[in-house]
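Here is a friendly walk through one fold, taking the sheet and then the helices that pack on it. Keep the structure open as you read.

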Amino acid sequence: MSGRTAWILADQLSADNPALEGADRLLMVEARLRPGKVRFHRQKLHLVWSAMRHFAEEKRERGLEVDYRTAATLTEGLRHHIEEFDPAGVALLEPNTLGAGERLASLDSRVEIVKGSLFLTDPADFAIWAEGRKQLRMENFYREQRRRYGLLMDGEAPAGGEWNFDADNRQPPPADQSPPKPYRPREDGIDIAVREDLDRLSTEIEMVGADGKRIFPATRAEAKRALASFCSKRLPEFGPYQDAMVEGERFMWHALISSSLNLGLLDPLECAEAAEREYREGNAPISSVEGFIRQIIGWREYVWGVYRWRGREMRKSNALDAHSELPEAIADLDPDATEMACLSDVLAGVRDTAYAHHIERLMLLGNLMLTVGVEPGPATDWFHGSFIDGYEWVMGPNVIGMALWADGGLMMSKPYAATGAYVNRMSTYCSSCRYDPKKRSGDEACPFTTLYWDFLERNRETLAANPRMTLQVRNLDRIDSAEMAAIRDQAGRLRTTFSA
Ligand SMILES: Cc1cc2nc3c(=O)[nH]c(=O)nc-3n(C[C@H](O)[C@H](O)[C@H](O)COP(=O)(O)OP(=O)(O)OC[C@H]3O[C@@H](n4cnc5c(N)ncnc54)[C@H](O)[C@@H]3O)c2cc1C
Ligand code: SF4
């Protein structure tokens, strides 16, 4: 037996990965055949493989022996490594995906799972906080995180006098301002090799989306540049326009750091601290900085905690008994298969960049799937495969809990269902669309509006019991029975053969 191996998975690419401590060599396995239902975006596969290969290259340059292998599965990669190197031990940081640690440890007695994660929150602490609560409120969790990490705190009080500045945010798109161009990494020889491999594999692996120059960071150095560029150029406007959507503007003032955080290239605390520095130095207003820090130490950590606490049950839940198929336009990322201006533009964005910002994911794609009644499993697989930052831990809470309310309200006090009026208020789409956001039925009716009223009616009994939905459900009674029948009819067609 010779030496100790550190086995590093694709989403553990941090120099602080504790498995690296005392390691004599590195094992990384690029798993090529992924059996299962998830079809991955080509740019997602490109980023993950490019980041893994860059990480291996950096470690090699620093003198560490590296065994980087391609294999059909992780299991096969490990087996071949053990046959060739006969290591005394293989240290692996506990994988993020539930059950994966046990499965990989059972492959060989030399695999030791190192406890920990690249998140701030220990799942055991989260479970203690969550246990016994009927509903989990992110806001309560977030305030405790602020105190725990001393972020945006003036002594015991929140900086700026409030914990949450959401009321100052959520503005519609500005008429006279365009977002600055985001940081772009430069591709290198590793990217060229990855692209050649993907070209070759495209006949074996079913992928979605278009190829394109790599947009998101693949190394720690690139990720740090992306964070610095966001903090200096985009953070000041991040808050107010966080929810706004503009035709053709793919990134608005968003940070574009989720893929880097999820790969392990950035540390959540360093992102929050970098943003706080901008506030303390007077470069960015409290509303934007607080809004951003809430996303990082609040939402992201909360989603991680919920997944580790209830992820298994969540994956099976379907509280609204939804069984429709995913609309083909969405499944195939085909912007030409819909006349809805908003949907078409966002699908073009996902096809070309593997990215859409939070409100596009929640209030366009999620809202449509919720009101169509798409089955949660396929919806979750679609989000997982189509986005640059998709991983299992982030899917359950965001898709099943937040977007589809399939957990029956464990996470969100009410479903995020909205008519075209919301999209009209928060975007520039409706003026160029063939549909009218105000119309509920008829040829010009906005599909969001038709589906919204049908959704309320179909789920009336469940939703009427929810105090936060009482008013909306009561509004159903203001629609006369002839129009309700027309809405039901039209929504029924949309739900079975989505063509809009
Ligand atoms: C239906 C749906 C699917 C989603 N799928 C993913 C996904 O696959 N991977 C993913 O990382 N995020 C996902 N999110 C959360 C969020 O939309 C993305 O993290 C964000 O859009 C990434 O872009 P950004 O880096 O520009 O984020 P910004 O808007 O600039 O936000 C800053 C950071 O906050 C974190 N964050 C904010 N909200 C969340 C959240 N709800 N969950 C996790 N992190 C959050 C992210 O790390 C993000 O980088 C999803 C949300 C919804 C509603
Ligand atoms: S009218 Fe409806 S479908 Fe058209 S852009 Fe507006 S919200 Fe989207």
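Two strands count as paired if DSSP finds at least two bridges between them. In this predicted model, S2 and S4 run parallel and are joined by seven bridges. Within that pair, Leu-27 stands opposite Asp-67 of S4.

The wider sheet is open and has five strands, in the order S4-S2-S1-S5-S6, with parallel pairing. Because S4 and S6 each have a single partner strand, they stand at the edges, and one side of each is left without a neighbour in the sheet. From one strand to the next, the twist averages 25 degrees.

Now for the helices. H1 lies across S2 and S4, while H2 packs on the sheet and touches S1, S2, S4, S5 and S6. Their directions are set out here:

| Helix | Strand | Angle |
|---|---|---|
| H1 | S2 | about 165 degrees |
| H2 | S4 | about 135 degrees |

H2 covers residues 74–85, and its 12 residues should span 16 Å at 1.5 Å a residue; the end C-alpha atoms are 16 Å apart, which agrees.

Which residues of H2 are buried? They are Gly-77, Leu-78, His-81, Ile-82 and Phe-85. Seen down the helix axis, these buried residues fall within an arc of 130 degrees, so they line one face of H2. An α-helix has 3.6 residues a turn, so residues three or four places apart point the same way. On the other side of H2, Glu-83 and Glu-84 are exposed. After H2 comes Asp-86, with a positive phi near 45 degrees.

How values were computed: Residues numbered from 1 in each chain as written. Chains lettered and ligands numbered in written order. Predicted model: local features only at pLDDT ≥ 70, side-chain atom pairs only at ≥ 80, totals over all residues. Heavy atoms only, no water. Helix = DSSP H or I, 4+ residues; strand = E, 2+ residues; numbered from the N terminus. Expected span 1.5 Å × (residues − 1). Buried < 20%, exposed > 50% of the residue type's maximum accessible area, 1.4 Å probe, protein only. Arc of directions from axis to C-beta. Axes fitted to C-alpha atoms, helices over the stretch in contact; angles between N-to-C directions. Contact = heavy atoms within 4.5 Å.
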